[in-house]
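Here is a walk through one chain, from a single side chain out to sheets, cores and cysteines. Keep the viewer open as you read.

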Amino acid sequence: MRQRILGELCQNPGEYVSGKELAEKLGISRVAVWKHIENLKGEGYAILGVSGKGYCIEESYNVLLLDSIKAALSTARLDWKLHLFPELDSTNEMAKKLIREGQAAEGTVIISRQQSRGKGRRGRSWQAPLGGLWFSIILRPELALSEVVVLSLVFALAISRALESFRLFDPQIKWPNDVYINGKKVVGILLELSGELEQADYLVAGIGINVNIDRASLGRGVAKTATSLWEESGTYYQLGEVLLRVLQSIEEYYYEFLENGFEAIRKEYKSRCFHLGKMIKLDTPRGSLEGLNLDIDEQGNLIIDSGDSIECLTTGDVALLAEE
């Protein structure tokens, strides 16, 4: 019912809709309308109520209307199942909870309007306030674990393509799976998986996209290195449209990878990797390494010429070295 109320309010953003009109359209009492509106306000929706005028929603671009997204995904190959929460500690943790309870088929998407304990790679925290897209996708690819991890690169490429479709950005990738715009991070991806070496049981892909967020909301330690679609364009984006394009692109690249492997999209990935062919520093669990980034190989590994040897790296944090 709350989704239906939001849908009615979003049909005429910035305009007031009377409680009587909402009650008649939805077949509920005006008191029930008022209670639902109060609950929506408690979930962070910017809804104004004025006596004699009714209700008006602000920031309608930050509203996710699941029915319209599901309808647009109705012909998809994946059987998408979308679940929206007002706030979670972590969408990945909720996804894993559903898996343990046997309630998570492939294509399940856990979305939270905000996260209190969002996670990034290597245990880092991820700021996840209202105005962003914070979600986790549950997949069950019939692949060995060594192949599944390459999906982090695949999804970075898919999301880059989705954001590029808005025609205001030139998204680039920092290996393995960070998406950047104008030198700052706008998308983070965290894969968590379980299974035997020869067969993954499940994959949870946690994805965070800074959409309608200002730098102040990103946090002091992040504002210098991160950005948002709004910061880069001065335009607010409909979260539902961004999510739809991202899911459609992820599905396309997911099946391309399953059917033809990483080699089929490696050239495109490399074309977006902004540090390829440049001097970089790579911080790994074993220490740091500097050298020329020669390539991204068929398994998604980073190839570096350190001057003493050619190294093949499977994990690490990349930083560009200043050009002399």
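Serine 68 counts as partly exposed, because its relative accessibility is 45%, and that value falls between the 20% limit for buried and the 50% limit for exposed. The model is predicted. Serine 68 sits in helix H4, which covers residues 66-72. Now look along the chain to proline 176, 108 residues away from serine 68. The C-alpha atoms of serine 68 and proline 176 are 32 Å apart.

Next, the sheets. One is an open sheet of 7 strands. Its order reads E3-E4-E5-E9-E8-E7-E6, and its pairing is mixed. Strand E3 (81-85) and strand E6 (172-174) form the edges, each paired on one side only. From one strand to the next, the twist averages 20°. Start at the E3 edge. E3 runs parallel to strand E4 (residues 108-112), and 5 bridges join them. One position to find is leucine 82, whose bridge partner in E4 is valine 109.

Helices pack on this sheet. Helix H5 (residues 91-100) touches E3, E4, strand E5 (133-139), strand E8 (184-196) and strand E9 (199-209). The direction of H5 makes about 150° with that of E9. H10 packs on the sheet too, touching E3, E4, E5 and E9. The direction of H10 makes about 30° with that of E5.

What lies in the largest nonpolar core? It holds 67 residues, and Phe135 and Phe155 touch the most other members. Helix H10 (residues 239-260) gives the most to this core, with 11 residues. The core also crosses a domain assignment: domain 2 (66-271) and domain 3 (275-320) each supply at least three residues. Take phenylalanine 135 as a centre and list its contacts, leaving out residues up to four places away in sequence. Among them are Thr91, Val109, Ile110 and Ile111. Ala205, Gly206, Ile207 and Ile209 also touch phenylalanine 135. So do Leu243, Val246 and Leu247. A second core is separate and has 16 residues, including Leu6, Val17, Leu26 and Ile47.

Now the other sheet. It is open, with 5 strands in the order E13-E12-E11-E10-E14 and antiparallel pairing. Why do E13 and E14 each have a side without a neighbour in the sheet? Strand E13 (310-313) and strand E14 (317-320) stand at the edges with a single partner strand each, so one side of each is left free of a neighbour there. The twist averages 45° from one strand to the next. Strand E12 (residues 302-305) and E13 run antiparallel, joined by 4 bridges. Leucine 302 stands opposite leucine 313 in E13.

Last, the cysteines. How many disulfides are there? The count comes to 0, with a pair needing sulfur atoms within 2.5 Å. For cysteine 56, the closest cysteine sulfur belongs to cysteine 10, and at 10 Å it is too far for a bond. Cysteine 273 is in no disulfide either, as its nearest cysteine sulfur, in cysteine 312, lies 14 Å away. Are these two cysteines buried or exposed? Cysteine 56 counts as buried, because its relative accessibility is 4%. Cysteine 273 counts as buried at 5%.

Note on methods. Residues are numbered from 1 along each chain as its sequence is written. This is a predicted model: local features need pLDDT of at least 70, side-chain atom pairs count only at pLDDT 80 or more; totals for chains, interfaces and linings use all residues. Side-chain values use heavy atoms; hydrogens and water are left out. Two strands pair if DSSP finds at least two bridges between them. Helices (H or I, at least four residues) and strands (E, at least two) are DSSP runs, numbered from the N terminus. Axes are lines fitted to C-alpha atoms, for helices over the stretch in contact, and angles run from 0 to 180 degrees between N-to-C directions. Buried means under 20% relative accessible area, exposed over 50%, partly exposed in between (1.4 Å probe, protein chains only). A nonpolar core is a set of buried Ala, Val, Leu, Ile, Met, Phe, Trp, Tyr and Cys residues joined through side-chain atoms within 4.5 Å. Domain bounds come from an automatic or database domain assignment. Contact means heavy atoms within 4.5 Å.
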